[in-house]
Amino acid sequence: MKSIRPARPELEYLVPYDAKDIRAEVMLAANEHPSNLPGEIVEKLSDRLSEFRFNRYPDPMASKLRELIAEANGLEPANILVGNGGDELIFDILLAWGGPGRTLLDLPPTFSMYGIDAQVTGTEVVRIPRDAEFEVDGETVLARLSRGDIDVVMISHPNNPTGNIAPETLLIDILNATDALVLVDEAYFEFSRHTMRPHMERHPNLVILRTFSKAFSLAGLRVGYLLGNEEVISELTKVRQPYSVDSFAQWVAASVFRERVVFQQAIRDIMRGRDTLMHGLSSMEEVTVFPSEANFVLFRVEHASALWRDLLHNHSVLVRDFSRAPGLDDCLRVTVGSDQENERFLAAVTEVLSQRRASQILGNGAHSRHGTVGELGY
Ligand code: PMP
């Protein structure tokens, strides 16, 4: 046969999550931690590396890590599920609570994996867009839930890519209004310091997602976890891949979790850096900045994708371009970096915008010093 039978027809128009592998000197596009693991942790790990059993399959449930996470959150190991990054756990939730004939309530603009995983699993999606300030439209959400046909709700909290959190009272109203599984995605919890954990006992349909990728410098190893009712966790174990979290990742994540106090200073530095970015951007008259509780800042600026290109090509600063995403016209998202990276980003934006102003005074055809203004057609 010289032909290939087509894949499932639902995939035809599905655009894969675009984790663009673009390299730059200043990488502020993926909400990663600006620093590698602290040297003292790496040293302890390397001292014991020769004893590591690479030849054995991993512990399927990551028992050690699970116990540590349970204890830190006042829960039992049966309330914890560790996954290959938060991404895998979102997918598992849609495998178990979504699927053909089932419905996800999504609150865009938000983390795009919710919608992508829904499509992959054949889950129908009901979208209730956020308002111009990216607040959740509580009234419409509660009215829609009262119809009783939503199976799973996903709320990014803080919301990626907008940075804001929903009022706790609204989240409680949502939990009271439905028996759907409600995922409160706290991937950025360490920066917002806001958690729905105290509401778990009263609401068995609440699941909370956390990750080691942001505050704990481990995006490269892929470790995330869920806190949830034990019945929910037990359903999810039916759909998950048994060895999805490799033993090396389990070992490193457990060491990091034991030493997590070491990360507190860097978390505070990132929160301070967030203020610097917000302050710097809001002092630029062309820029609108949205308040953030996470380790990134969303901002709106005219001709955003031209600015994105100029930052990358002329300043080697990579941020994330959301300017073509629905509800995010002319928006870019910058991750909080080190102090130097934040300064370099702010200086680059200042320079591009002042060239833009100069070229506007001279007339639209003028070129910037780097020759991009005319090319990009501001
Ligand atoms: N949830 C949200 C809101 C995110 O922004 C991310 C990372 N971009 C994730 C979950 C998944 O993180 P990871 O798979 O790295 O744990």
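**Two domains, a helix crossing and a pocket**

Taken over C-alpha atoms, the centres of domain 1 and domain 2 are separated by 30 Å, and I should say at once that what we are looking at is a predicted model. The chain is divided so that domain 1 takes in residues 25-30 together with 264-376, while domain 2 runs over residues 57-258. Where the two domains touch, 21 residues of domain 1 are in contact with 18 residues of domain 2.

Let me turn to a pair of helices. Helix α3, which covers residues 85-97, and helix α8, which covers residues 230-239, have axes that come within 9 Å and cross at roughly 95°. Since angles from 65 to 115 degrees count as roughly perpendicular, α3 and α8 are therefore described as roughly perpendicular to each other. On the α3 side the residues that meet α8 are D92, I93, L95, A96 and W97, and on the α8 side their partners are V232, E235, L236 and V239. By character, the residues of this contact of α3 with α8 divide into seven nonpolar and two charged, with no polar residue.

Next, the second largest pocket, which holds about 430 Å³ of space. There are 18 residues lining this pocket, and those closest to its centre are F52, K64, S247, Q250 and W251. Which helix gives the most to the lining of the second largest pocket? That is α9, with six residues, and both α2 (63-72) and α9 (247-258) supply at least two residues each. The lining is mixed in character, being made up of seven nonpolar, four polar and seven charged residues.

I would like to end with some backbone details, which you may wish to look at in the structure in front of you. The peptide bond from H157 to P158 is cis, with omega near 0°, and P158 is found in the loop that runs between β5 (152-156) and α6 (168-177). A cis peptide bond also joins N160 and P161, here with omega of about 15°, and P161 likewise lies in the loop between β5 and α6.

Where is R193 placed, the residue that has a positive phi? R193 sits in the loop between α7 (189-192) and β7 (206-211), and its phi is near 60°, a positive value in a residue other than glycine.

Technical notes
Residues are numbered from 1 along each chain as its sequence is written. This is a predicted model: local features need pLDDT of at least 70, side-chain atom pairs count only at pLDDT 80 or more; totals for chains, interfaces and linings use all residues. Side-chain values use heavy atoms; hydrogens and water are left out. Axes are lines fitted to C-alpha atoms, for helices over the stretch in contact, and angles run from 0 to 180 degrees between N-to-C directions. Helices (H or I, at least four residues) and strands (E, at least two) are DSSP runs, numbered from the N terminus. Angles under 35 degrees count as roughly parallel, over 145 as roughly antiparallel, 65 to 115 as roughly perpendicular and the rest as oblique. Contact means heavy atoms within 4.5 Å. Ala, Val, Leu, Ile, Met, Phe, Trp, Tyr, Cys and Pro count as nonpolar, Asp, Glu, Lys and Arg as charged, and the others, Gly among them, as polar. On a 1 Å grid over the protein atoms alone, a cavity is a set of points where a 1.4 Å probe fits but cannot get out, and a pocket is an open set with protein on both sides within 12 Å along at least five of seven lines; lining residues have an atom within 4 Å of a point. Grid points are joined across faces, edges and corners, and a volume is the space filled by probe spheres set on the points. Domain bounds come from an automatic or database domain assignment.
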